[in-house]
Amino acid sequence: AFFEDDAKVAAGLVGAVQACAAKHGGTPSQVALNWCRAKGTVPIPGARNLAQAEENLGALKWQLDAEDVKALDRACANVKPLAKAPFPEKDRDTGLIMFDS
């Protein structure tokens with residue numbers, strides 16, 4: 001899903017995620033969930049079956065350390081979004097600027 005010229009940058013991010021997973025005995029999905037948690041967000045993962053739900057719950061058994069977060073942040077710093085967020089830049093009623101746009 002990445003553009004050809006961004007493949008090397010994307011591969012760096014994938015490698016960083018895989019390295020964190022290996023370090024903690026987790027999975028890439030668990031790294032993603034723990035990365036969200038380390039950033040102060042509450043991820044709401046989806047699961048299509050019991051195995052995926054159990055894998056998601058497994059992320060709660062460990063957490064990323066500060067070096068892991070730094071490595072993941074560095075690896076994703078140059079990854080460009082594939083598309084602009086489909087949200088308006090300003091709220092139509094209040095005119096407030098949307099920070100996630």
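Contact here means heavy atoms within 4.5 Å. Keep that cut-off in mind for this tour of a predicted model.

**Stop one: Asp-68.** Select Asp-68, which sits in helix H4, residues 66-76. Is Asp-68 buried or exposed? Its relative accessibility is 4%, so it counts as buried, the limit for that label being under 20%. Now display its surroundings, setting aside neighbours within four places in sequence. Asp-68 is then in contact with Cys-20, Lys-23 and His-24.

**Stop two: Cys-20.** Move along that contact to Cys-20. Cys-20 is buried as well, at 4% relative accessibility. Cys-20 also belongs to H1, on the side of the story where H1 meets H2.

**Stop three: H1 against H2.** Select residues 7-24 for helix H1 and residues 28-38 for helix H2. Their axes come within 8 Å and cross at roughly 95°. That angle makes H1 roughly perpendicular to H2, because 65 to 115 degrees counts as such. Which residues of H1 and H2 meet? From H1, show Leu-13, Val-17, Cys-20 and Ala-21. From H2, show Pro-28, Val-31 and Trp-35. Colour this contact by residue class: seven are nonpolar, with no polar and no charged residues.

**Stop four: Cys-76.** Jump to Cys-76, which is partly exposed, with a relative accessible area of 27%. Compare Cys-20, which is buried at 4%.

**Last check: sulfur pairs.** How many disulfides does a search of the whole structure find? The count is zero.

Methods. Residues are numbered from 1 along each chain as its sequence is written. This is a predicted model: local features need pLDDT of at least 70, side-chain atom pairs count only at pLDDT 80 or more; totals for chains, interfaces and linings use all residues. Side-chain values use heavy atoms; hydrogens and water are left out. A disulfide is a pair of cysteine sulfur atoms within 2.5 Å. Buried means under 20% relative accessible area, exposed over 50%, partly exposed in between (1.4 Å probe, protein chains only). Axes are lines fitted to C-alpha atoms, for helices over the stretch in contact, and angles run from 0 to 180 degrees between N-to-C directions. Helices (H or I, at least four residues) and strands (E, at least two) are DSSP runs, numbered from the N terminus. Angles under 35 degrees count as roughly parallel, over 145 as roughly antiparallel, 65 to 115 as roughly perpendicular and the rest as oblique. Ala, Val, Leu, Ile, Met, Phe, Trp, Tyr, Cys and Pro count as nonpolar, Asp, Glu, Lys and Arg as charged, and the others, Gly among them, as polar.
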